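Please look through the model shown here before reading on. The paragraphs that follow take up a few of its parts in turn.

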Amino acid sequence: MATQVKKKRAAKAGPTPMMAQYLALKESVPDCLLFYRMGDFFELFFDDARQAAATLDIALTARGEHDGEPIPMCGVPAHSHEAYLARLIKAGHRVAIADQTETPEQAKKRAGSKALVGRAIIRVVTAGTLTEETLLDAKSENWLVAVAETGGALGIAAADISTGRFTLAMAEPAMLDAELARLSAAELIVPEGFANAPDDAQICPKTDFSSIGAEKLLKSLFGVATLDGFGEFDRAELAAAGGLLAYLETAGQGDLPFLQPPRRHRTGDHMLIDAATRESLELTQAAGGGRKGSLLGCIDQSVTGAGARLLAADLSAPLTSTAAIEARLDLVQLFEADAARRDDLRAALKALPDIGRALGRLVAGRGTPRDLGLLRDGLGAARDLHTSLSRIEAPPALLTELLPALTGHGALTDHLSRALVPSPPIDIAKGGYIAEGYDAALDDLRETAGAGRKAIAGLEARYRETTGISSLKIKHNNVLGYHIEVPSRHADALMSADSGFTHRQTLAGVVRFNAPDLHDEAQRVMQAGAHALAAEAAHLEELIETALADKDRLAATADALARLDVAAALAEQAALCGWTRPRLAGHPCFQVEGGRHPVVERAVEQQGERFVANDCRLSPEERLWIVTGPNMGGKSTFLRQNALIAVLAQAGSYVPAAAAELGIVDKLFSRVGASDNLARGRSTFMVEMVETAAILAQATENSLVILDEVGRGTSTYDGLAIAWAVVEAVHDVNRCRCLFATHYHELTRLAERLDALSLHHVRAREWKGDLVLLHELAEGPADRSYGLAVAKLAGLPSETVARAKSVLAKLEAGRASTGGLAAGLDDLPLFSADVAQEEDRADPLREALEAIHADDLSPREALDLVYRLKRLADEGDAA
């Protein structure tokens, strides 16, 4: 009964002032977990605490009551909260940080002894708004992407605030998935009502996506009267930029992070690669997740985080401009041809800090003295690189373009060198980052504090001598400041009134005292130390302001260093693995001699075996290859390796081949392997058909398409019919370069009818009952599929294999007598003729009915229409 009365009283009294403050802050960020600063901890309450405790696997406790119920609570130490933030963000949570805006002393001075310390949300942390070094992958970009639609056009805005990269792009609705796959966004935001928004997209107010507001804000942000100097941006692009900027402003609680001037990404400037193709080719991420096993993970020889990020971006968006590709290749060739120069450059780059991300933290207001030190060291090393690279005779055009960005920061570098200690700390609170000799007044304060500490050490020795207590010590903590500490057994001697010591605190085993002369010295030390810290903080603010005055050129230096790292890394890869420079042709050819799959080749070599290289020769006269042969014979590897060669070449890399002459690929499509997408109700076959439909709808004469086992997910007859029709469509309609692997040997008949189709197979032989896979490509169709031999090789029970042989014999006998699956296909017209025939069978009556707008007809018009439809029906019957 008493407990119930207490609960009723608590409910009637309402929440405590602290809890009222918490609830008000939480109300402003209902979709976030709220980190509420209380002393040395960030605390979470109610459902936030339950969710955080489950994700972080920490104890869930309770504190006080709210509405008569205990308040669930958990907390994390403030000094190590970033590690917990990382786990929460990775788990998909958003976190708002509410920090103290005043000290307890300031609160008491403002509103009395019982005043509540003021708190405010200083930042909203989301997956796309990270800048902390500990929360980011050094080798991956961290894109925040916004998509908006205006007048039927789609605009995309993307920013990596850790480095300031900021791009705008247009995309056709059919191309949106490919563009989003290219960026691999850490976080995607869309306006309310956006059609087909991904499940993980953040829905934001539609009013944020204003092209007019965005244009005004961008002009103000970059101090320009017009955006024409950055590019001609469409209204949809600006609307997306508006949504992105509004989101960043909310996350920063009114402050925008570092953004470079926007660059326009034109989809036509890059090879289009849709999400399914990226996944099947494992360009930057392996099928199981992570870099290991991907093309990027295999070839990445970069020595800096910025270089690794840029290489990933290059592979994600290969160029389509021959001149731009050749410029990159020229730079790679410079370092590939000179091993000594390459080694010197890579050694210098390896010692470089990540100045791009250090700059991002400084602009975001989360920079430290260490970040300034990183800028100083990076800019100094860049200047040294400029000196050495400037000695190169007849440098490539791209190097000439990069060199100016490596220098021009001498004044800033010298200033930071004079101002900072050699290894500045991360923690600002303890000071010690401004170098001696930079500020004479600061040096005097430090000297005073140092002299005071020496005096305190002298006092300790004197106190020991006068008291005879050898275990007496002078210590310091944040509560008592400097104090004298002695074991409890010696405390009585200092307790007497005439001892000169004042009792302060008794603990288990020790007693603490103060003394007038210690108090005076401590005051001098504390005052000098506080003034020194304030002076250092003022210098830090001035140094950051000085550095950020030239932030755009600092970002350009970071970009130039990353480009040099990528070029040297690709040169190293080429030298290590015997890659060759591709030749770029002005027509849609694909001539590869001795091509190899880099990832598979490495895996094979690690097993002590040799990868079998193969040629691929696609041309306008022979642009479609049908490849047959047994499973495990290497068909899929052959298809993929040629797609990867196209990506590498247009990314500006040497390629794994003895020689290569390639025509520019505008779009790359891969239909190799599939898996169920049960979340969207799609089976393997449905996924395959959706992807194949996209290829047939989008591929052009300059595209490269690889198709593997189209039609295998349904009945044999349906599958063969679909595969047959797809081959004809690719040949007659899309007219693109295509590699088509299949087990439908009936498709080889098409070679007699399609003039640009060529037949090839992967070689295999049976030797003494065992299958030998040669992994070599040869001309002509395979003599058979060797399915039973592969089944035996896979370990199928011998009884099952024997039974399958008897069933196969009967099936083949039936096929011989009936003409087989493809019986009658020779009588089919060609694809174009068949389509024309279907078009000729149009139904005039149906067309007339579909053209009627019934609500617009008068009674007389309706009667006339009935007679007209009757005549059409009679004419149809007569036909």
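**Rings, a histidine and a sheet**

Phe45 has a relative accessible area of 0% and is therefore buried. The coordinates come from a predicted model. Tyr22 is buried as well, because its relative accessibility is 1% and the cut-off for burial is under 20%.

These two residues bring us to the aromatic rings. Across the whole structure, a search gives 8 aromatic pairs. One of them joins Tyr22 and Phe45: the ring centres are 5.0 Å apart and the planes meet at 80 degrees, so the pair counts as edge-to-face. Tyr22 belongs to helix H2 (residues 17-28), while Phe45 belongs to strand S2 (residues 41-45), so this pair ties together parts that lie 23 residues apart in sequence. The pairing extends further, since ring pairs link Tyr22, Tyr36, Phe45 and Phe46 into a cluster.

Phe42 has a charged residue over its ring. Arg37 lies over the face of Phe42, 5.3 Å from the ring centre.

The next residue to find is His93. Where does His93 lie? His93 is placed in the loop between helix H4 (81-90) and strand S5 (95-100). Is His93 buried or exposed? Its relative accessibility is 18%, so His93 counts as buried, the cut-off being under 20%. The side chain of His93 makes a polar contact of 3.2 Å with the side chain of Thr55. Thr55 also appears in the list of residues in contact with His93 once neighbours within four places in sequence are set aside; that list is Leu33, Gln51, Thr55 and Leu88.

The last part to examine is a sheet further along the chain. This is an open sheet of 4 strands, in the order S18-S22-S19-S20, and its pairing is mixed. At the edges are strand S18 (583-585) and strand S20 (614-618), each of which pairs on one side only. From one strand to the next, the twist averages 20 degrees. How do strand S19 (residues 590-595) and S20 pair, and over how many bridges? They pair in the antiparallel sense, over 4 bridges. Within these strands, Gln591 stands opposite Arg617 in S20.

A helix packs on this sheet: helix H23 (residues 635-651) touches S19, S20 and strand S22 (659-663). The direction of H23 makes about 110 degrees with that of S19.

Methods
Residues are numbered from 1 along each chain as its sequence is written. This is a predicted model: local features need pLDDT of at least 70, side-chain atom pairs count only at pLDDT 80 or more; totals for chains, interfaces and linings use all residues. Side-chain values use heavy atoms; hydrogens and water are left out. Buried means under 20% relative accessible area, exposed over 50%, partly exposed in between (1.4 Å probe, protein chains only). A polar contact is a pair of N or O atoms within 3.5 Å; within protein, one must be able to donate a hydrogen and the other to accept it, and residues adjacent in sequence count only if both atoms are side-chain atoms. Contact means heavy atoms within 4.5 Å. Rings of Phe, Tyr and Trp (its six-membered ring) pair if their centres lie within 6.5 Å; planes under 30 degrees apart count as stacked, over 60 as edge-to-face and the rest as tilted. A charge sits over a ring if NZ of Lys or CZ of Arg is within 6 Å of the ring centre and within 35 degrees of the ring normal. Two strands pair if DSSP finds at least two bridges between them. Axes are lines fitted to C-alpha atoms, for helices over the stretch in contact, and angles run from 0 to 180 degrees between N-to-C directions.
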